[in-house]
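Work through the following exercises with the sequence and the coordinates side by side. Each task is followed by a solution in steps.

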Amino acid sequence: MAELNPAEQFLLEQIKQGSSEAWDQLVGRYQGRLLSFAQSSLGQKADAEDVVQDTFIAFLRSLDRYRGDAGIETWLFTILRRKIIDTYRGRQSKKNLCLVNDVYRADDNDSHGDMFDRIAGTEPTASWYVRQDEQHELHKEALLQALQTLVTDLKDSLNFRNLQIVDLVFYARIANQQIAAMLDISEKNVAVIKHRCLKQVHSLIEAKDFCGDPLADSFETLLTDVWEALRPSCPKRSTIGQWLLGTLESQWQDYVDFHLNKLGCRFCLANLDDLKEQSEATRQNVFRQRIMESTIGFLSRPH
């Protein structure tokens with residue numbers, strides 16, 4: 001995801017100066033999508049509201065340490081995910097980040113384990129963005145740039161089949177055989193595309209003095225951690241809005257449909273739910289205004 005943009009930077013500066021209006025604007029902008037994500041993960045609305053409230057509190061408490069190397073939405077979702085994980089620990093329950101994982105469960109012998117096990121153990125928390133370890137920051141930045149370049153190249157060339165495979169490999173982390181069945185291609189093709197993408201990532205980071213074998217399982221896990229935290233393939237909120245209206249070009253429309261409905265990215269589904277609610281609220285307001293305009297003349301007036 002993109003780093004902090006100038007508009008977000010201005011908003012944060014206003015909040016740091018104690019502007020309640022700026023804070024209200026930020027809460028209003030992100031409350032809906034955070035609540036939708038939390039409720040889809042936790043089920044109970046009361047629990048979802050609690051973790052979203054805690055997320056905004058944690059956001060303010062860590063504001064002075066935030067350096068702006070990720071956007072506000074990314075930062076908030078990172079904090080929220082940690083709050084949800086803490087809640088699940090209390091319930092002794094788990095939830096996946098992509099709906100596709102609810103269907104394609106990893107085998108018991110799968111060394112990667114459950115998605116939430118990985119998050120709880122290795123996924124960066126909010127402090128991931130403010131950690132002072134220089135080598136860690138260099139590695140994270142190198143991987144982020146490499147992944148963004150990979151995804152941008154695939155999007156610019158409209159190579160959405162390979163992008164779907166990359167999503168399923170690095171985001172959902174499901175097996176090649178299952179990916180092949182989902183996309184109706186051969187398992188060999190999946191392996192070739194996966195290997196090619198890993199080599200491209202390696203070629204992009206080799207000049208940055210990155211330590212580690214890009215074809216090793218540990219490297220893939222690190223790559224997934226960065227992917228999950230920054231989600232470079234997630235469509236923009238405006239793109240999801242266009243998909244909802246059916247105004248995207250057909251190839252983009254199909255990819256966003258895949259990302260939402262087959263991959264089942266819970267972050268983007270949260271944005272979609274929020275957009276639907278806002279759209280419905282707008283329609284209701286327009287309808288109410290129409291009623292008011294058509295009926296105001298019939299109101300009884302005092303004689």
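## Exercise 1: Phe160 and its surroundings

Leaving aside neighbours within four places in sequence, Phe160 is in contact (heavy atoms within 4.5 Å) with Lys155, Gln251, Trp252 and Tyr255. This is a predicted model, in which local features need pLDDT of at least 70 and side-chain atom pairs count only at pLDDT 80 or more, while totals for chains, interfaces and linings use all residues. Residues are numbered from 1 along each chain as its sequence is written, and side-chain values use heavy atoms, with hydrogens and water left out.

Task: place Phe160 in the secondary structure, and decide whether Phe160 is buried or exposed.

Solution. Begin with the element: Phe160 lies in helix 8 (residues 160-171), where helices are DSSP runs of H or I with at least four residues, numbered from the N terminus. Next, take the accessibility: Phe160 has a relative accessible area of 6% and is buried, a term that means under 20% relative accessible area, as exposed means over 50%, with a 1.4 Å probe and protein chains only. Finally, compare sequence with space: Phe160 and Asp254 are 94 residues apart in sequence, yet their C-alpha atoms are 8.7 Å apart.

## Exercise 2: Ser233

Task: find which residues Ser233 touches, apart from those up to four places away in sequence.

Solution. Locate Ser233 in the loop between helix 11 (217-230) and helix 12. Its relative accessible area is 0%, so Ser233 is buried. The residues touched by Ser233, not counting those up to four places away in sequence, are Val151, Lys155, Leu163, Asp167, Trp227, Tyr255 and His259.

## Exercise 3: The two sides of helix 9

Task: explain why the buried residues of helix 9 lie on the same side.

Solution. List the buried residues of helix 9 (residues 176-183), which are Asn176, Ile179, Ala180, Met182 and Leu183. Because they cover an arc of only 165 degrees around the axis, they are on the same side of helix 9; the arc is that of the directions from the helix axis to the C-beta atoms. An α-helix has 3.6 residues a turn, so residues three or four places apart point the same way. Then turn to the other side of helix 9, where Gln177 and Ala181 are exposed. Just after helix 9, Asp184 takes a positive phi of about 60 degrees.

## Exercise 4: Helix 12

Task: identify which residues are buried in helix 12 (residues 237-245).

Solution. The buried residues in helix 12 are Thr239, Ile240, Gly241 and Trp243. Continue past the helix: just after helix 12, Gly246 takes a positive phi of about 75 degrees.

Definitions and conventions
Helix = DSSP H or I, 4+ residues; strand = E, 2+ residues; numbered from the N terminus.
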